[in-house]
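Reader: Could you teach me how to read a protein structure, one feature at a time? I would love a general idea and then a real case.

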Amino acid sequence: MAPPDHIPVEEFFAPPFRASVSLSSDGTRIAYLAPWKNRLNVWIESVDEPGDARCLTTETRGVQAYYWMDDPRWLLYTRDQDGDESWHIFRVDLENPDAEAVDLTPVPGARAGILGFPAGRPGKVIVQANMRNPAEFDLLELDFITGDIETLVQSPGSDVGLWLYSQSGEIFATRTTANGDLELSRWNESTGDLSSVVVFDGSDHPTGIFPLEITPDGTGVWLGSNRDTDRKRLARLDLATGEEREVDSHPVHDLDTRAAAFPQLPYPLIHRRRTGELIGARYLGERQVIHALDPHFADVLENLEKLSDGDLASVSSDASERRWVVSFTHDRDPGVTYFYDHSTGESRLLFRPRQNLDPEKLAPMTPVTITSRDGLALPSHLTLPVGIEPTRLPLVLFVHGGPWTRDSWGFNLAAQLFANRGYAVLQVNFRGSTGYGKAFTKAAIGEFAGKMHDDLIDGVNWAVDQGYADPGRVAIMGGSYGGYAALVGVAFTPDVFAAAVDVVGISDLATFMGSQPDFVKPHLLNNWYRYVGDPADPRQKADMLARSPISRVDQIRTPLFIAQGANDVRVVQAESDQIVEALRARGVPVEYTVMEDEGHSFDNPDNAIALYKAAEQFLGKHLSAKPDGVQTRKSGH
């Protein structure tokens, strides 16, 4: 078998040719993100006469998301500053290409999010933002033409997590109660307070209720619900009575809620553009399943899914639902984007975002199920190099963040890079991952550095037992929670790993929780406090320290590479600094790099390239040989 052609790191981590495409309401133009000076910015182009592409924005950080307005003159977009996650909203005037973009939320350090566009009020957008008080999000109506801002509701406290605005003008909010339950409340303008509509068991929703949106008629909310069931389904809650009924469900799979953590991934609900009615729902197992909830969309969906053997990702139509632009999730041809005309049946390829990469030279990602030592099924993904006998390969255990999210089938840049270098790559959805029922998620309570880590070790043992992995050449790598897992790997099970890469990982669970922003702290009850502990309680704090890598620095002898964003507001730089300082004080070498213009994710292509070049070199150095005495761990802690 011939080894794979060497693909440079730059080819993997360069910005996509185009991404995040959507169609204008009249169906004549597409907008998309594409590089301008190597940063993703917003462009527009004609559908029927391609080739007239025009760049609308010139952001040196890059654009996070953009929004078409009903009036095609205007377009809104959001971006932060050097990874600080202080999202601002900007306006672009398409009829005045020489005009600079206008920052509509110009308060330094403020974070703003677009909630919707009120019917019958052209030029207005509903926003929640913490411009008045960093710890509280007010509900605002913003005039994106004049820049005027009207406060609709001043937040009554930092326990309010999300505002909801109906087309009739009624206002609702979610808030976390003192015991951790989640309450949906109605805002009473005359009394200036919130009154409860319904209360949800907070333990069922560690990161909040998602999706949660008001129905177009304003009488209910659609939500992802697992009330009285293990699986998350689509439900409708009556805002007058608080009663909930099922709208749709899948017998095996959860509603696909990955977009709660990663907004660039497909949103679970598909709507009619003109009216906002619900026309489809997404579920996710090994692959995606879409349920059409509307006869017309069912006909459209049947034809859209014929365009690619991938999973339907972004879905955008004109107001008439005649013209559609869609993209697909795929493990080797990511984001491939098509135009489809339902009235004529015409379809054509618009672009491949990674046109520089040949799908035939990339590695397939295969779903596998691994059984944990206590009998839990762990949905996982294995990527093996192309053209190499898959026997006793060096293995990279790549651990997802969160931990309340999941890995899924699709294109993974790190997996493709390391497979191209001849490594097997294993991604394990350990207990605590979401999307596999609430019992699977709750199985992680109290199990940080315990059974959650055992699941990862069981994944390594599986790969060795299957003959894929060389037990002497196993590395662990991840970001955020995955970075914590990498540190746990070398601190708690140092005999398993020949190398580790920690990107923005937690080294001390107590100091991590204490460093969270004020507006986040009230919403930690159902995740970090429930699963890990309360650092204000001395007994719980001691347990948290015992589960923290910083407490076992004297056990770390595995080669370690740490990368950190200086502007990270989730896992602050002190988390990396303190373990690097502790290791160096003991004379243990550790490679450490800090990106001064990054936060929790390394979005700038130059930084991503530098990170993965360093990781490639580091792993190549430590996994090329077969050190003696490195064996997988079969026993518990």
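## Charges, strands and helices

Author: Let's start with a single residue: Arg-323 has a relative accessible area of 11%, so it counts as buried. The cut-off for that word is under 20%. Please keep in mind that this is a predicted model.

Reader: What does the side chain of Arg-323 meet in a salt bridge?

Author: The partner is Asp-48, with 2.6 Å from N to O. These two residues come from distant parts of the chain, 275 residues apart. Asp-48 sits in the loop between strand S3 (39–46) and strand S4 (54–55), while Arg-323 belongs to strand S26 (residues 323–329).

Reader: Is Asp-48 buried or exposed?

Author: Asp-48 is exposed, at 51% relative accessible area. The bridge thus joins an exposed residue to a buried one.

Reader: How many salt bridges does the structure hold?

Author: There are 45. Let's look at another: Arg-61 bridges to Glu-598, and their closest N and O atoms are 3.1 Å apart. Arg-61 is in the loop between S4 and strand S5 (65–68), and Glu-598 is in the loop between strand S36 (591–595) and helix H11 (605–623), so this pair ties together parts 537 residues apart in sequence.

Reader: Are Arg-61 and Glu-598 buried or exposed?

Author: Arg-61 is buried, with a value of 8%. Glu-598 is buried as well, with a relative accessibility of 0%.

Reader: Which residues are linked with Arg-61 and Glu-598 in a network of salt bridges?

Author: Asp-80 and Asp-603 join them in that network. For one more pair, try Asp-138 and Arg-132, where the closest N and O atoms are 2.8 Å apart. Asp-138 is buried at 4%, whereas Arg-132 is partly exposed at 39%.

Reader: Now for strands. How do I read a sheet?

Author: Strands of a sheet pair through backbone hydrogen bonds, and the pairing can be parallel or antiparallel. In our structure, one open sheet has four strands in the order S1-S2-S3-S4, with antiparallel pairing. Strand S1 (19–23) and S4 are its edge strands, each pairing on one side only.

Reader: How many bridges pair S3 and S4?

Author: Two, in the antiparallel sense. You can also look residue by residue: Ile-44 stands opposite Arg-54 in S4.

Reader: Which other four strands form an open sheet?

Author: Those are S17, S18, S19 and S20, in that order and antiparallel. Strand S17 (212–214) and strand S20 (244–248) are at the edges with a single partner strand each, so one side of each has no neighbour in the sheet. On average, neighbouring strands of this sheet are turned by 30° against each other, direction ignored. Strand S19 (residues 233–238) runs antiparallel to S20, joined by four bridges, and Arg-236 has Arg-245 in S20 as its bridge partner.

Reader: What do S15 and S16 form?

Author: A hairpin, with four residues between the two strands. In its turn, Gly-192 has a positive phi of about 70°. Seven bridges join strand S15 (residues 182–188) to strand S16 (residues 193–200), and the two run antiparallel. Arg-186, for example, has Ser-195 in S16 as its bridge partner.

Reader: And how do I describe two helices that pack together?

Author: Two packed helices are described by the angle between their axes and the distance between the axes. Take helix H3 (residues 413–420) and H11: their axes come within 11 Å and cross at roughly 40°. H3 and H11 are therefore oblique to each other, and the crossing is right-handed. The contact uses Ala-414, Leu-417 and Phe-418 from H3, with Tyr-612, Ala-615, Glu-616 and Leu-619 from H11.

Reader: Why is H3 largely enclosed by the rest of the structure?

Author: Because seven of its eight residues are buried. Among them are Ala-415, Gln-416 and Asn-420. The buried residues of H3 pack against H11 and other elements, including helix H1 (9–13), strand S30 (377–383) and strand S33 (469–479).

How values were computed: Residues are numbered from 1 along each chain as its sequence is written. This is a predicted model: local features need pLDDT of at least 70, side-chain atom pairs count only at pLDDT 80 or more; totals for chains, interfaces and linings use all residues. Side-chain values use heavy atoms; hydrogens and water are left out. A salt bridge is a side-chain nitrogen of Lys or Arg within 4 Å of a carboxyl oxygen of Asp or Glu. Buried means under 20% relative accessible area, exposed over 50%, partly exposed in between (1.4 Å probe, protein chains only). Two strands pair if DSSP finds at least two bridges between them. Axes are lines fitted to C-alpha atoms, for helices over the stretch in contact, and angles run from 0 to 180 degrees between N-to-C directions. Angles under 35 degrees count as roughly parallel, over 145 as roughly antiparallel, 65 to 115 as roughly perpendicular and the rest as oblique. A crossing is left-handed if the near helix is turned anticlockwise from the far one by less than a right angle, and right-handed if clockwise. Contact means heavy atoms within 4.5 Å.
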